[in-house]
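Reader: I have a model open and some bench questions about it. Can we go through the surface, the loops and the charged pairs?

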Amino acid sequence: MPTPAIDRAALATAAVALALGCRGGPPPAPRLHTVAIRAMAFEPARLEVRVGDEIEWVNDDLVPHTATAPGAFDSAIIAPAARWRTRVTRPGDVAYACTLHPMMTGTVQIR
């Protein structure tokens, strides 16, 4: 009785998927999250995102602001009515603040 052929490529793909914890489908597509800056606050102040997602800060306030997390991201000055965007690349909890108004703080939870 002949032995069935082994599809080595399929076996290797299955092994890699198992090792990486693949759940049977492609990863979710990256999303765009928006943080409004208004009334001297970040809204929402706490945001949960995934690695690969983008976050856009929109300055709806009357004065300039920043969104700055040393070692993670730094918007520089975001003028009134302007916006700034970044893509998150590493998991972790990232606290950020406005360097011009340090009482303005926020947190991004990157999963």
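Reader: Which residues make the nonpolar surface patch of about 420 Å²?

Author: This is a predicted model, so each answer here is read from computed coordinates. The patch covers about 420 Å² and is nonpolar. Its makers are Met40, Leu62, Val63 and Met103.

Reader: Where does Val63 sit in the chain?

Author: Strand E4 covers 54-59 and strand E5 covers 68-69. Val63 belongs to the loop between strand E4 and strand E5.

Reader: Is Val63 buried, partly exposed or exposed?

Author: Buried means under 20% relative accessible area, and exposed means over 50%. Val63 has 31% relative accessibility, so Val63 counts as partly exposed.

Reader: Does Met103 count as buried or exposed?

Author: Met103 is in the loop between strand E8 (92-97) and strand E9 (105-110). Its relative accessibility is 58%. The cut-off for exposed is over 50%. Therefore Met103 counts as exposed.

Reader: What distance separates the C-alpha atoms of Met103 and Ala41?

Author: Along the chain, Met103 and Ala41 are 62 residues apart. In space, their C-alpha atoms are separated by 8.6 Å.

Reader: How do the residues lining the largest pocket divide into nonpolar, polar and charged?

Author: The largest pocket holds about 150 Å³ of space. Its lining consists of Ala72, Phe73, Thr86, Arg87, Val88, Thr89, Arg90, Val94 and Ile110. Two of these residues are charged, two are polar, and the nonpolar ones number five.

Reader: Which residues does a cis peptide bond join?

Author: Omega at this bond is about 0°. The proline of the pair is in the loop between strand E2 (41-43) and strand E3 (46-49). The cis bond joins Glu43 and Pro44.

Reader: What is the phi of Ala76?

Author: Ala76 is in the loop between strand E6 (73-74) and strand E7 (83-87). With 43% relative accessibility, Ala76 counts as partly exposed. Ala76 is not a glycine, yet its phi is positive, at about 60°.

Reader: What is the relative accessible area of Ala81?

Author: Ala81 lies in the loop between E6 and E7. Its phi is positive too, near 70°, and Ala81 is a residue other than glycine. Ala81 is exposed, because its relative accessible area is 72%.

Reader: How many salt bridges does the structure hold?

Author: Side chains of opposite charge can pair when their charged atoms come close. Such pairs here include Asp60 with Arg38. The total of salt bridges is seven.

Reader: Why does the pair of Asp60 and Arg38 tie together separate parts of the sequence?

Author: The closest N and O atoms of Asp60 and Arg38 are 3.1 Å apart, and the two form a salt bridge. Asp60 lies in the loop between E4 and E5, while Arg38 lies in strand E1 (residues 32-38). Asp60 is partly exposed at 44% relative accessibility, and Arg38 is partly exposed at 35%. The pair therefore ties together parts 22 residues apart in sequence.

Reader: Which strands hold Glu54 and Arg85?

Author: Glu54 forms a salt bridge with Arg85, with 3.3 Å between the closest N and O atoms. The two are 31 residues apart, so the pair links distant parts of the chain: Glu54 in strand E4 and Arg85 in strand E7.

Reader: Is Glu56 buried or exposed?

Author: Glu56 meets Arg83 in a salt bridge of 2.9 Å, N to O. Arg83 is in strand E7 and Glu56 in strand E4, 27 residues apart. Arg83 is exposed, at 53% relative accessible area. Glu56 has 8% relative accessibility, so Glu56 counts as buried.

Reader: Which residues do salt bridges that share partners join into one network?

Author: The pair of Arg83 and Glu56 is part of the picture. So is the pair of Glu54 and Arg85. The one network joins Glu54, Glu56, Arg83, Arg85 and Arg87.

Reader: How many helices and strands does the protein chain have?

Author: From the N terminus on, the elements run α-β-β-β-β-β-β-β-β-β. Buried residues are 32% of the 111 residues in the protein chain. The count of elements is one helix and nine strands.

How values were computed: Residues are numbered from 1 along each chain as its sequence is written. This is a predicted model: local features need pLDDT of at least 70, side-chain atom pairs count only at pLDDT 80 or more; totals for chains, interfaces and linings use all residues. Side-chain values use heavy atoms; hydrogens and water are left out. Patches are made of residues with over 30% relative accessible area and no salt bridge: like charges are joined within 9 Å, nonpolar side chains (Val, Leu, Ile, Met, Phe, Trp, Tyr) within 5 Å. Accessible areas come from the Shrake-Rupley method with a 1.4 Å probe; for residues, only the protein chains shown count as cover. A salt bridge is a side-chain nitrogen of Lys or Arg within 4 Å of a carboxyl oxygen of Asp or Glu. Helices (H or I, at least four residues) and strands (E, at least two) are DSSP runs, numbered from the N terminus. Buried means under 20% relative accessible area, exposed over 50%, partly exposed in between (1.4 Å probe, protein chains only). On a 1 Å grid over the protein atoms alone, a cavity is a set of points where a 1.4 Å probe fits but cannot get out, and a pocket is an open set with protein on both sides within 12 Å along at least five of seven lines; lining residues have an atom within 4 Å of a point. Grid points are joined across faces, edges and corners, and a volume is the space filled by probe spheres set on the points. Ala, Val, Leu, Ile, Met, Phe, Trp, Tyr, Cys and Pro count as nonpolar, Asp, Glu, Lys and Arg as charged, and the others, Gly among them, as polar.
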